[in-house]
Amino acid sequence: MIAKIKQLLEEVEALKASSAEELEALRIKYLSKKGAINELMTDFRNVAPELKKEVGMKLNELKTKAQDKINALKEQFVNNDNGNDDLDLTRTAYPVKLGTRHPITLVRNEAIDIFNRLGFSIAEGPEIEDDWHVFSALNFAEDHPARDMQDTFFIEAHPDIVLRTHTSSVQVRVMEKMQPPIRIICPGRVYRNEAISYRAHCFFHQIEALYIDRDVSFTDLKQVLLLFAKEMFGSETKIRLRPSYFPFTEPSAEMDISCNICGGKGCPFCKYTGWVEILGCGMVDPNVLEASGIDSKVYTGYALGMGVERITNLKYQVKDLRLFSENDIRFLKEFEAAH
């Protein structure tokens, strides 16, 4: 047996492997349960008592050296893989800079967080919609200007199909499927047939909110608007509501905030009025509730909607709307600290 151990010891010391598969075959040959070393361990019981100590020591030495040799070869393959195969010689030597969130995303997420804390949940819907959900269910008259091709993108082959002009269509879909209480916000992209300029674009982003329940009043709406303005623009922000008209709300109002640049004192940004318009709102028209199967004699509600680009302009003083969609890295880098 000692001669067999010496022979295996010489073989182990001379082991070489050119691949991981070849190394695994050597491990199985010498160290597996049916390997050569384990067979010697099985035969060890037949060794004469006076030789057991000597044979046992040499057998342990053989097993240790075989394990060390296999591990050394394995380590060699690991080092070679990390050092050569995974090395990309075309990669720049300079550190790769991390990207940043888009300013529209930053403001959208902040607005959603504010409404989430007020108990509103997110609702989403399709961007390609039908006339009913975009106009008819929202009390738009048949001759309303928004139904003209000059204001809305219609699908030519299907005149009843449009690109949604507001996320109010999502509110209609929710009201059709749910009974009050309903408390949702509807963030999303919308489309208008407008010429692209520094102050207008053919697509932009909205966040609308809807709350319907028993005994909902305009006072509830005003309180939510005030809290949103203070959370978004600062605790010193003031609001004012001006009467307005929307087909889907009655009464309707537009909300202004005190200019966050001059603090309401008057500056070129607010046209020296001290106020800046940020959203439209109002109590949901009973016709809208009835069109969606909600009893307007039992339930009331309010709705509000804002353009995310408008809020972003106010927070970061971005004067050209086109910057939001041109993917200029220099512009986006300015918002690294806003995360």
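Colleague: Let's start with one residue. Which residues does leucine 304 touch, leaving out those up to four places away in sequence?

Modeller: Leucine 304 touches Phe115, Ile207, Glu208, Ala209, Leu221, Leu225, Gly280 and Cys281. Keep in mind that this is a predicted model.

Colleague: How should I read a list of contacts like that?

Modeller: The general idea first: in soluble globular proteins, nonpolar side chains tend to be buried together. In this structure, the largest nonpolar core has 45 residues, and Phe115, Tyr302 and Leu304 touch the most other members.

Colleague: Which helices and strands each supply at least two residues of this core?

Modeller: The helices are H5 (103-117), H8 (218-233), H10 (308-316) and H11 (329-332). The strands are S6 (203-213), S8 (249-258), S9 (275-284) and S10 (300-307). Apart from this core lies another one, of 25 residues, including Phe140, Leu289, Tyr299 and Ala303.

Colleague: Helix H8 is on that list of contributors. Which residues of H8 are buried?

Modeller: Leu221, Val224, Leu225, Phe228, Ala229, Met232 and Phe233 are the buried ones in H8. They cover an arc of only 135° around the axis, so they sit on the same side of H8.

Colleague: Why would spaced-out residues share a side?

Modeller: An α-helix has 3.6 residues a turn, so residues three or four places apart point the same way. Here, the buried residues of H8 pack against H5, S7, S8, S9, S10 and H10.

Colleague: How many ångströms should the 16 residues of H8 span, at 1.5 Å a residue?

Modeller: The expected span is 22 Å, and the end C-alpha atoms of H8 are 22 Å apart, so the two agree. Just after H8 comes glycine 234, with a positive phi of about 120°.

Colleague: Now the strands. In what order do they form the open sheet?

Modeller: A sheet is read strand by strand, from one edge to the other. Here seven strands are arranged as S1-S5-S6-S10-S9-S8-S7, with mixed pairing. Strand S1 (121-122) and S7 are at the edges with a single partner strand each, so one side of each has no neighbour in the sheet.

Colleague: Could you show me one pairing close up?

Modeller: Take strand S5 (residues 182-191) and S6, which run antiparallel and are joined by 10 bridges. One example is arginine 183, whose bridge partner in S6 is tyrosine 211.

Colleague: What about charged residues? How many salt bridges are found in the whole structure?

Modeller: The search finds 13. For each one, look at the distance, then at where the partners sit along the chain. Arginine 27 and glutamate 24 form one, with their closest N and O atoms 2.8 Å apart. Both belong to helix H2 (residues 20-31), three residues apart, which is about one turn of the helix.

Colleague: Which salt bridge joins helix H5 to helix H8?

Modeller: That is arginine 117 with glutamate 231, whose closest N and O atoms are 3.3 Å apart. This pair links distant parts of the chain, 114 residues apart, with arginine 117 in H5 and glutamate 231 in H8. Arginine 117 is exposed, at 52% relative accessible area, while glutamate 231 is partly exposed, at 39%.

Colleague: And which residues are linked in a network of salt bridges?

Modeller: Arg240, Arg242, Glu254, Asp256 and Glu277 are linked in this way. Within the network, glutamate 277 and arginine 242 have their closest N and O atoms 3.7 Å apart. Glutamate 277 is in strand S9 and arginine 242 in strand S7 (residues 239-246), 35 residues apart.

How values were computed:
Residues are numbered from 1 along each chain as its sequence is written. This is a predicted model: local features need pLDDT of at least 70, side-chain atom pairs count only at pLDDT 80 or more; totals for chains, interfaces and linings use all residues. Side-chain values use heavy atoms; hydrogens and water are left out. A nonpolar core is a set of buried Ala, Val, Leu, Ile, Met, Phe, Trp, Tyr and Cys residues joined through side-chain atoms within 4.5 Å. Buried means under 20% relative accessible area, exposed over 50%, partly exposed in between (1.4 Å probe, protein chains only). Helices (H or I, at least four residues) and strands (E, at least two) are DSSP runs, numbered from the N terminus. Contact means heavy atoms within 4.5 Å. A salt bridge is a side-chain nitrogen of Lys or Arg within 4 Å of a carboxyl oxygen of Asp or Glu. Two strands pair if DSSP finds at least two bridges between them. The expected span of a helix is 1.5 Å times one less than its number of residues. The arc is that of the directions from the helix axis to the C-beta atoms.
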